[in-house]
Each structure stands twice: as structure tokens, then as C-alpha cells.
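Open the structure in your viewer and keep the selection tool ready. This tour goes from stop to stop and says what to select at each one.

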Amino acid sequence: MSAGTISHAVALPSIASPALWTITVAALVLLLSLDLILTRRPREERMREAVGWSVFYLLLPVLFGVYLWADHGGGVAAEFFTGFVVEKSLSVDNLFVFMLLLAAFAVPQALARRVLLYGIVGALVLRAVFIALGAAALQSGTWAFLLFGAILILTAGKILKDVMTGHEQEVDISSMRTVRLVRRFVAVTEDYRGSRLAVREQGRLALTPLALAAVAILATDIVFAVDSVPAVYGVTEDPFLVFATNAFALLGLRALYFVLKGVLTKLRHLNHGLSVILAFIGVKLLLHWAHGVWAQVPEIPTLASLGVIVSVLAVVTATSLLANRRDRLRAAPERAGSAEPVQEPAGER
């Protein structure tokens with residue numbers, strides 16, 4: 001096989017016109033600005049409000065997918081919905097890490113939604129950068145499919161290893177290089193100062209713990225972008241659809257966090273499923289590259305990919321619920337056996 005076979009340039013088709021890009025980015029900026037206004041004053045998120053916003057942010061991609069179906073056909077819509085399901089699944093896993101970070105920094109509940117919003121804005125910016133880099137890599141040669149496939153398969157192996165060793169639920173703030181670097185060069189206040197990221201103390205600038213929490217979440221966003229962008233490029237090669245799936249998946253995370261906060265810890269098999277999904281998409285990318293070299297190598301259709309991804313998520317959700325129910329049934333007799341019998345007073349016998 002010649003080097004040219006591996007590295008010939010790839011033209012990335014896109015459905016997006018400059019007008020569609022402009023409308024999409026403008027709508028994104030508008031929604032983020034609205035979120036910034038809503039989170040300006042520190043307060044705890046109300047469950048009814050969080051559910052309402054979560055439903056709204058789930059309806060948006062559905063309506064966008066219907067538009068794609070009507071204007072560009074079922075194939076494009078299927079790519080969008082498949083990419084959205086992948087990104088939303090990875091985002092839910094990201095929420096679990098955010099929850100651990102908020103707990104590690106002891107972020108007050110009234111400030112949690114502000115920190116989450118910082119994380120979402122940072123994630124969107126980083127995803128846009130990685131999407132552009134991914135598009136440039138794909139245009140430079142088909143070797144990018146091999147690279148993306150290898151990244152996803154290695155990531156799947158790491159997630160599975162962390163699950164088996166129990167390390168996926170650990171967050172060590174002291175070991176985060178970004179946090180250590182910030183502390184080395186800038187003073188940090190001992191307590192939170194409302195929603196302020198920085199204050200002046202004794203004539204010098206000092207960051208608040210809220211700023212450190214935002215930095216930690218931004219650092220994890222970089223790791224998430226490395227996983228998620230190749231994953232959605234395994235579903236569609238259209239940079240606009242890759243951006244749209246990432247944007248729609250991230251927009252509703254702030255509200256979804258408060259809806260799923262009590263549920264996240266119960267999805268004990270979610271990472272098992274994500275490792276399977278990432279490995280599956282990695283293999284899909286490798287097959288896509290091989291099909292371009294040897295036409296007889298089969299490719300995995302988008303609808304089949306959507307079916308596999310939804311099935312995996314359904315299975316891990318069901319197994320998580322069954323495992324939780326089994327643990328509750330096992331714990332019930334133990335609690336009953338540990339209860340000491342009540343002693344009646346001697347005079348009442």
C-alpha cells in the first residue's frame with residue numbers, strides 16, 4: 001500500500017450555507033446570553049425550572065432535525081440525530097465529573113449553575129476549535145480517520161480500565177496541573193465572594209475559589225473535546241453537523257445537571273456503555289478508511305449506528321436499574337436484622 005493511498009486529501013461535503021452558519025451561531029450566542037442573564041444572581045435552581053429548560057433544550061434539536069429532514073433529506077437528519085445521541089450520552093458522563101468537581105471545591109448550591117455555565121461556554125469554544133482542527137486534518141488526508149479511530153478505541157479501553165479499577169469516580173484537585181499552576185502565580189481567597197471570580201485584597205488581585213472551580217472544569221473540557229469531536233466525526237464528516245450536534249448537546253447541560261443530579265450516581269453502568277459506543281465508532285472509522293482503500297470492505301450505515309448506540313444506552317440503563325434494585329433488596333434484610341428489639345418496661349408486662 002502506497003503512502004498516497006493512506007494520505008490522499010478528502011473533500012468534506014457540507015449542507016451549510018454562510019446564512020445557515022450565521023443564523024446558527026447567532027441563535028447560540030442569544031441562548032448563552034439568556035443563560036448568563038438568568039444566572040447573574042446567585043440562587044439555587046428550582047426543579048420545575050430545571051425540568052422546563054431541559055424539555056426546551058431537548059425540543060430544539062428535534063425541531064432542527066425535522067428541518068434537516070424536510071430540507072436536506074432523511075440521510076442528513078439521521079446523521080444529525082445519531083451524532084446528537086452520541087454527544088448527549090458523552091455530555092451526561094461529563095455531568096458526573098462536573099458534579100464531583102463541584103463537590104470537591106465545595107461550591108455553594110446558589111453558585112453551582114454559574115460554574116456550570118462557565119464550563120458549558122468553555123466547552124463550546126474548545127469544541128469549535130477541535131472541530132476546525134478535525135476538519136483540517138480530514139481535508140489533509142484519510143490518515144485522520146485512522147487517527148480518530150485509534151483515539152476512540154484507546155479512550156474506550158481507558159474508560160473500561162477505570163471502570164474495572166473504580167478510578168472513574170475519583171477527582172483529585174491537588175493533582176490537577178492547571179489548578180496548581182494558577183495557585184502558584186495568583187493568590188486565592190479562603191472563601192467564596194458571591195459570583196465574583198476575582199477580587200482585590202490589600203491592593204493586589206486575588207482569585208476566588210469559584211475561579212479555580214471554573215478553571216478545573218475548563219481543563220476537563222479539553223479532555224472531553226478530545227473524545228467527543230472524533231466520536232461525532234465518526235458519524236458525519238460535515239463540520240456544520242458536527243458543530244450543531246455539539247452545540248445542542250451542551251446547551252441544556254446546566255438545567256439537565258439539576259434534573260439528573262440524584263440519578264447520575266445510579267447509572268452505575270453508563271461508563272461501560274460509553275466504552276462500547278466509543279469503541280464501536282472507532283471501528284466504524286477504521287472501516288470507513290479501509291473502504292476507501294479496498295472497496296470490498298463494508299461500511300456501517302448511519303441508521304445501523306444509531307440503532308447500536310440507542311440499544312447500548314438502553315441496556316446499560318436497564319442493567320443499572322436492576323443492579324440498584326438488587327442492592328436494595330439485599331440491604332433490606334440486613335437493615336431489618338440490625339434493628340434491635342424494643343424493650344418493654346417491666347411494669348407493663
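**Stop 1: a helix with a surface patch**

Start with Met47, which lies in helix H3, residues 47–72. This is a predicted model. Is Met47 buried, partly exposed or exposed? Its relative accessibility is 46%, so Met47 counts as partly exposed.

Now add Val51, Val55, Leu59 and Leu63 to the selection. Together with Met47 they form a nonpolar patch on the surface. The accessible area of the five adds up to about 450 Å².

**Stop 2: the whole protein**

Zoom out. The protein has 12 helices and three strands. Of its 349 residues, 45% count as buried. Switch on the surface: the accessible area comes to about 17900 Å². Carbon and sulfur atoms hold 66% of that area.

Think about contacts along the chain, too. Take those with a separation of 6 or more: 80% of them are between residues 24 or more positions apart.

**Stop 3: the cores**

Select Phe105, Val107, Tyr233 and Ile281. These are the residues with the most contacts inside the largest nonpolar core, which has 78 residues. Which helix gives the most to this core? Helix H5, residues 109–140, does, with 12 residues.

Next, select Ala16, Phe240, Leu241 and Phe248. They are among the 13 residues of a second, separate core.

**Stop 4: a buried salt bridge**

How many salt bridges does a search of the whole structure find? It finds two.

For one of them, show the side chains of Glu87 and Arg127. Their closest N and O atoms are 3.4 Å apart. Glu87 sits in helix H4 (residues 74–104) and Arg127 in helix H5, so this pair ties together parts that are 40 residues apart in sequence. Glu87 is buried, with a relative accessible area of 0%. Arg127 has 3% relative accessibility, so Arg127 counts as buried as well.

**Stop 5: a partly exposed salt bridge**

Move to Arg326 and Asp327. Their side chains meet in a salt bridge, at 3.9 Å from N to O. Are these two residues buried or partly exposed? Arg326 is partly exposed, with a relative accessible area of 41%. Asp327 also counts as partly exposed, at 29%.

**Stop 6: a buried aspartate**

Select Asp35 in helix H2, residues 18–38. Its relative accessibility is 1%, which is under the 20% limit, so Asp35 counts as buried. What is Asp35 in contact with, leaving aside neighbours within four places in sequence? Show Tyr57, Leu117, Leu251 and Arg254: those are its contacts.

**Stop 7: the sheet**

Switch to a cartoon view and find the strands. Three of them make an open sheet, in the order S1-S3-S2, with mixed pairing. S1 (187–188) and S2 are the edge strands, each pairing on one side only. Strands of a sheet pair through backbone hydrogen bonds, either parallel or antiparallel.

Look at S1 and S3 first. They run parallel and are joined by two bridges. Select Ala187 and its bridge partner in S3, Ala206.

Then go to S2 (residues 198–201) and S3 (residues 204–207). These two run antiparallel, with four bridges between them. Select Ala198: its bridge partner in S3 is Leu207. The hairpin of S2 and S3 has two residues between the strands. There, Gln202 takes a positive phi near 55°.

**Stop 8: two loops**

Select Ala106, in the loop between H4 and H5. Ala106 is not a glycine, yet its phi is positive, at about 50°. Is Ala106 buried or exposed? With a relative accessible area of 54%, Ala106 is exposed.

Finish at Ile300. This residue lies in the loop between helix H11 (270–293) and helix H12 (302–338). At 21% relative accessibility, Ile300 counts as partly exposed. Leaving aside neighbours within four places in sequence, Ile300 is in contact with Phe280, Lys284, Leu287 and Ser305. Now add Val235, which is 65 residues away from Ile300 along the chain. The C-alpha atoms of Ile300 and Val235 are separated by 9.7 Å.

Note on methods:
Residues numbered from 1 in each chain as written. Predicted model: local features only at pLDDT ≥ 70, side-chain atom pairs only at ≥ 80, totals over all residues. Heavy atoms only, no water. Buried < 20%, exposed > 50% of the residue type's maximum accessible area, 1.4 Å probe, protein only. Contact = heavy atoms within 4.5 Å. Areas by Shrake-Rupley, 256 points an atom, 1.4 Å probe, with all protein chains shown as cover. Core = buried A, V, L, I, M, F, W, Y, C linked by side-chain atoms within 4.5 Å. Patch = residues over 30% accessible without salt bridge, like charges linked within 9 Å, V, L, I, M, F, W, Y side chains within 5 Å. Salt bridge = Lys/Arg side-chain N within 4 Å of Asp/Glu carboxyl O. Pairing = 2+ DSSP bridges.
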